[in-house]
Amino acid sequence: MGGKIGYALRETLGNLRRNLLLTTASMLTVAVSLALVGSAFLLHYGVGNATQRWQGGIEFEVFLKADVTPAQSDRVGRLLVDNADVSRVTFVNQDEQYELFKIMFADRPEYLREVTAEVLPPSYRVEPAVADADVIRALGERFEQEPGVEEVAFAEETVRRLLQVSSITQRVIVGIAVVLFFAASLLIFNTIRMAIFARRREIEVMKLVGATNWFIRVPFMIEGLVQGLAGAGIAFGVVYLARNAAQDAIQTVPLFEGFVVLSSQVATTGIFTLVLGALIGTIGAGVAVTRFLDV
């Protein structure tokens, strides 16, 4: 077993040295494509955090007073549910408001130290059954005078534009990433094929003396794995470093006010990027070797 592992590692390092230029090109292409994929994920997370309360068709939110009585809260909820212009009503309690608060102000630790769930108001998030903006505003303002209601907040036009802009941007980024992803797969595929072609006589001899296809295939798959992981590692590093700079820069743009990406979301994106890089490298190399060995 130790001899086989040693052989696979030696062959992998030898192949990488022999095809240094193509290997570098493959890793860089993987890095660029996965950096775009990672950027699209972080953009999705950031916009989702900034507009979390307005997603799913929510057009206004009725905030109750922190000391609202159960009877007052039930009355507001019942009036909303019974209204013919309301499609869906979701009650958000103080604990849920606090979880949202922690996301929205993740970069403001001084706020998180001072605010507790008890001081945040519960609310009703409302999805209207109509699309007319004037009807929606009139519907929301009707509840501002109800006992126990603190205020009614409406989804502004900037929120709608942010969701629209982010959706278009994510589609463009993912489209470019898919093209580069395909190019990276072809480069890895071609790199492995060239490595096999350069050693075709040696491989023929190995097969004549009884070497299995997997014995020959594994070093090339490790080579693809190394290329994929290296490219993914570069991509993650670029995305990680660019995240803070981009996040601080767009905070001054009114359209992206409240845009924040949590460290846990960056870590999730990094893991996904590494797994994707490993898969594209290993599968691309495996397909290339299999096709050659079957000839």
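At 38% relative accessibility, R75 falls in the partly exposed class. In this predicted model, R75 is half of a charged pair: its partner is E146, and the closest N and O atoms of the two sit 2.8 Å apart, making a salt bridge. The pair brings together distant bits of the chain, with R75 in helix α3 (residues 70-82) and E146 in the loop between α6 (133-141) and β4, 71 residues apart. The two ends don't share the same kind of surroundings. E146 has a relative accessible area of 15%, so it counts as buried, while R75 is partly exposed.

Stepping back, how many helices and strands does the protein have? The secondary structure comes to ten helices and four strands. Following the chain along its sequence gives the pattern α-α-β-α-β-α-α-β-α-β-α-α-α-α. As for what is tucked away, buried residues account for 42% of the 295 residues.

Strand β3 (residues 123-128) is a good place to look next. Five of its six residues are buried, so the strand is mostly covered. On one side of the pairing story is strand β1 (residues 60-64), which runs antiparallel to β3 and is joined to it by four bridges. Within that pairing, V62 has Y124 of β3 as its bridge partner. Strand β2 (residues 86-92) also pairs with β3 in the antiparallel sense, this time over six bridges. Here V89 is matched with V126 of β3. Put together, β3 pairs with β1 and also with β2. As a bit of background, side chains in a regular strand alternate between the two faces of the sheet.

Charged side chains come into the picture here too. In general, side chains of opposite charge can pair when their charged atoms come close. How many salt bridges turn up in a search of the whole structure? There are three. Besides the E146 and R75 pair described above, one of them joins R125 and E61, whose closest N and O atoms are 3.3 Å apart. R125 belongs to strand β3 and E61 to strand β1, so this contact ties together parts that are 64 residues apart in sequence. Are these two residues buried or exposed? Both R125 and E61 are buried.

Another salt bridge is made by the side chains of E127 and R88, at 2.8 Å from N to O. This one also links distant parts of the chain: E127 is in strand β3 and R88 is in strand β2, 39 residues apart. R88 has 35% relative accessibility, which means that it counts as partly exposed. Strand β3 therefore has a salt bridge to β1 through R125, and E127 gives it one to β2.

Not every charged residue is part of such a pair. D67, E144, E150 and E151 form a negative surface patch. Of these, E150 is placed in strand β4 (residues 149-154). With 51% relative accessibility, E150 counts as exposed, because the cut-off for that class is over 50%.

Further along the chain, F236 is found in helix α9 (residues 213-250). Its relative accessibility is 25%, so F236 counts as partly exposed. What separates the C-alpha atoms of F236 and T269? The distance is 8.1 Å, although the two residues are 33 residues apart along the chain.

Technical notes: Residues are numbered from 1 along each chain as its sequence is written. This is a predicted model: local features need pLDDT of at least 70, side-chain atom pairs count only at pLDDT 80 or more; totals for chains, interfaces and linings use all residues. Side-chain values use heavy atoms; hydrogens and water are left out. Patches are made of residues with over 30% relative accessible area and no salt bridge: like charges are joined within 9 Å, nonpolar side chains (Val, Leu, Ile, Met, Phe, Trp, Tyr) within 5 Å. Accessible areas come from the Shrake-Rupley method with a 1.4 Å probe; for residues, only the protein chains shown count as cover. A salt bridge is a side-chain nitrogen of Lys or Arg within 4 Å of a carboxyl oxygen of Asp or Glu. Lys and Arg count as positive and Asp and Glu as negative; His and the chain ends are not counted. The place of a charge is taken as NZ of Lys, CZ of Arg, CG of Asp or CD of Glu. Buried means under 20% relative accessible area, exposed over 50%, partly exposed in between (1.4 Å probe, protein chains only). Two strands pair if DSSP finds at least two bridges between them.
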